[in-house]
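Grab a pencil and work through these exercises on strands and sheets. Try each task before you read its solution.

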Amino acid sequence: MTKLTTGKRIQIFLFILFIALLPLSLKAQLTADFYADSWGGCAPFTVSFTNQTTGASANAVYSWNFGNGNTSALKNPGAIYTDEKTYEVTLTVTDGGNTSTRTQNIMVYKKPAVDFAASTKKVCIPDAATFIADVKAGDGSISSYQWDFGDGTAQSGYGSSINHYYSYE
């Protein structure tokens with residue numbers, strides 16, 4: 001049996017300590033992250049969130065604040081938004097002594113306000129009736145108009161007014 005010198009004992013101890021601590025140094029940094037299946041829409045707006053946190057163990061604790069008064073501890077939750085505004089959604093992940101937070105916005109758009117008027121209350125067949133839309137776009141823009149004339153016909157258009165010929169009284 002060979003006798004170990006103090007220097008060799010220290011080297012062996014440091015090597016064992018290095019091997020024991022190596023898994024701790026290789027552990028990935030905890031980074032909270034998520035995406036939503038949609039970042040904006042009209043109320044009532046339902047959103048499914050997918051957790052994309054990296055560096056978390058199986059023991060990680062997930063804490064969601066949806067910005068609408070509701071919270072969740074699920075890994076991949078969902079939320080419903082009813083008011084027309086921007087919501088801050090926050091995911092906080094705690095794993096051991098580490099914590100990471102990610103905040104992103106969900107927007108519930110203002111709905112368009114739609115009304116219309118006819119150029120005249122009565123029209124003689126075969127004259128055309130002219131309809132004029134009075135539209136406020138909300139948070140979006142108007143891309144087209146869908147008209148239903150009440151006589152079984154409908155028409156799409158891009159302008160805010162349209163002519164329609166009725167064929168019966």
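**Exercise 1. Which order do the strands have in the open sheet of three strands, and which of them stand at the edges?**

Start with the order: the open sheet of three strands runs E1-E3-E6, with antiparallel pairing. Strands here are DSSP runs of E with at least two residues, numbered from the N terminus, and two of them pair if DSSP finds at least two bridges between them. Next, look at the edges: E1 (34-36) and E6 (78-81) each have a single partner strand, so one side of each is left without a neighbour in the sheet. From one strand to the next, the twist averages 25°, with axes being lines fitted to C-alpha atoms and angles running from 0 to 180 degrees between N-to-C directions. Now zoom in on one pair: E1 and E3 (residues 45-51) run antiparallel and are joined by three bridges. Put your finger on Tyr35 and you'll find its bridge partner in E3, Thr50.

Before going on, two notes on the ground rules. This is a predicted model, where local features need pLDDT of at least 70 and side-chain atom pairs count only at pLDDT 80 or more, while totals for chains, interfaces and linings use all residues. Residues are numbered from 1 along each chain as its sequence is written, and side-chain values use heavy atoms, leaving out hydrogens and water.

**Exercise 2. Trace the open sheet of five strands and find what joins its neighbours.**

First, write down the order, E2-E8-E7-E4-E5, and note that the pairing is mixed. E2 and E5 (71-72) are the edge strands with a single partner each, so each has one side without a neighbour in the sheet. Then walk across. E2 (residues 40-42) pairs with E8 (residues 98-109) in the parallel sense over three bridges, and Cys42 has Tyr109 as its bridge partner in E8. E8 and E7 (residues 86-95) run antiparallel, joined by 10 bridges, with Val89 opposite Gln104 in E8. These two form a hairpin with two residues between them, and Gly96 in the turn has a positive phi of about 65°. Finally, E4 (residues 61-65) pairs with E7 in the antiparallel sense over five bridges; Ser63 has Thr92 as its bridge partner in E7.

**Exercise 3. Is Tyr145 buried or exposed?**

Locate the residue first: Tyr145 lies in strand E11 (residues 145-148). Its relative accessible area is 15%, and buried means under 20% (exposed is over 50%, partly exposed in between; 1.4 Å probe, protein chains only). So Tyr145 is buried.

Technical notes. Helix = DSSP H or I, 4+ residues; strand = E, 2+ residues; numbered from the N terminus.
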